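Here is a set of questions about how the labels on a structure are earned. Each answer sets a value against its definition.

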Amino acid sequence: MTALDEETVGGLVASAPDGAELVVPTYDRSRLTTGIVHLGVGGFHRAHQAMYLDRLMAEGKALDWAVCGVGVLSSDARMRDALAAQDGLYTMVLKHPDGRLQARVIGSIKEYLLAPDDPEAVLEKMASPEVRIVSLTVTEGGYNIHHVTGEFDLAGPAVAADLADGAVPATTFGLVTEALRRRRDRGVPPFTVMSCDNIQGNGEVARRAFTTFARAKDADLAAWIEENVAFPSSMVDRITPVTTDADRALVAERFGVDDAWPVVAEPFEQWALEDSFPTGRPPFEDAGVQVVSDVEPYELMKLRLLNASHQALCYLGYLSGYRYAHEVAGEEVFARFLLGYMDDEGTPTLEPVPGIDLDRYKRTLIERFANPHVADTLARLCAESSDRIPKWLLPVVRHHLATGGPIEHAALVVASWARYDEGVDEAGESIEIVDRLADRLHRAALAQRTDPLAFLRDREVFGDLVDDERFTAAYTAALASLHEKGARATVESLVARTAR
């Protein structure tokens, strides 16, 4: 077995003994220069944006667009250490539904900095003229935007600390804003801020977050950012489960590579990107990216079909005793439930999506969810629901409440979340609730046995939905059925009622 680093990568065999494919960088990584600083280097970034860049570099392109990864949290030291030991290299393994494996060693990450250890190094890297893009995968909740008001929260302790006079920046907002200030003061053109998170209008959300923070810090700087900094929106898609020890063992056994932190993903990939980069960008279109003038149709398609459908299967599946997404999607009754949601409730909220056959896209989603080799955990999909449901599913609910459209599937999904947050499944097994509002939501969920609307009364999460009689009727009926009959029987009943 070979430890992965710059010296050994060229000697790795082209394939495993059983024919599994392994591709390694053939370009000279010593020629790479950093053009992108990326905040939030996790599995998704490494299976997506970094992969596209590696694909370009393999063709002799984008050699001046290598990535400097940045960890903003102290916990990111694990990623820093793993990448440092491997000279930024890591293995990406694609798992096909038929069991076939494709592995590629990605070489597009040139360096990595940990902000808590050396914020000045991070600031100077972002302020350097060679950096023309700062990209982000900081999760849906990482933009500090209130779910209901849509406003940036200035009151949180981390943000307040960064706004204090003389503070050394510690948050994403403080770091990016200070780097932009240095560029302005030095006469260096600003970098483009490129969000790659699962948020509708992520470019506009990023603009609102950073300009609001900057305005609280320095009004003149905020005005300069609003006038000069581009915030393109994007839609990104690839199912990327959390890396496990079994994945590390797989890379070692099948490919002979000792990789501290490989990344696994499904074969499907998609990236629709708004073409708004005043200081330049890599030729992403040459790597398969859809570079478009308007990302919104692609965003809504993904958020309301794929992401919302993940929520539609995860709570119901977990309550029923399943632990992986493919187990749920592989059951006909749950697959029919997902298609019912997508056909009857999700799709009617969408405009036509250029170049996309929506019927084929929805069928492909079910096939992707049912891929047994990806082994995407329901626990991952159930995490941080208070950041996800309001952005992905509730807009569908509000659309149909306004137009008189159907809401039964979505109401059951919300009710299944409420039932999940009671903290115990139908077999009496304890559930670990992973959510920034976990304690509050758990208390509300426990109260709903006597007050069926207790969970829905959280206006920070649900806004005024508790005041809508049509929604509360559908929601309380679904919740009562979950309590009385269980998740599977409730799904079977809904599928039978709505079958065409």
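Lys and Arg count as positive and Asp and Glu as negative, with His and the chain ends not counted. A charge is placed at NZ of Lys, CZ of Arg, CG of Asp or CD of Glu. This is a predicted model: local features need pLDDT of at least 70, side-chain atom pairs count only at pLDDT 80 or more, and totals for chains, interfaces and linings use all residues. Residues are numbered from 1 along each chain as its sequence is written, and side-chain values use heavy atoms, leaving out hydrogens and water.

Q: How far apart are the mean positions of the positive and negative charges of the protein chain?
A: They are 1 Å apart, for 50 positive and 78 negative charges.

Q: Why is the protein chain called as compact as a globular protein of its length?
A: The globule rule is 2.2 Å times the number of residues to the power 0.38, and the radius of gyration is taken over C-alpha atoms. For 500 residues the rule gives 23 Å; the radius of gyration of the protein chain is 23 Å, close to that, so the label holds.

Q: What makes Cys 68 buried?
A: Buried means under 20% relative accessible area (1.4 Å probe, protein chains only). Cys 68 has 0%, so it is buried.

Q: Why is there no bond between the sulfurs of Cys 314 and Cys 382?
A: A disulfide is a pair of cysteine sulfur atoms within 2.5 Å. Cys 382 holds the closest cysteine sulfur to that of Cys 314, at 3.5 Å, which is too far for a bond. The whole structure has zero disulfides.

How values were computed:
Buried means under 20% relative accessible area, exposed over 50%, partly exposed in between (1.4 Å probe, protein chains only).
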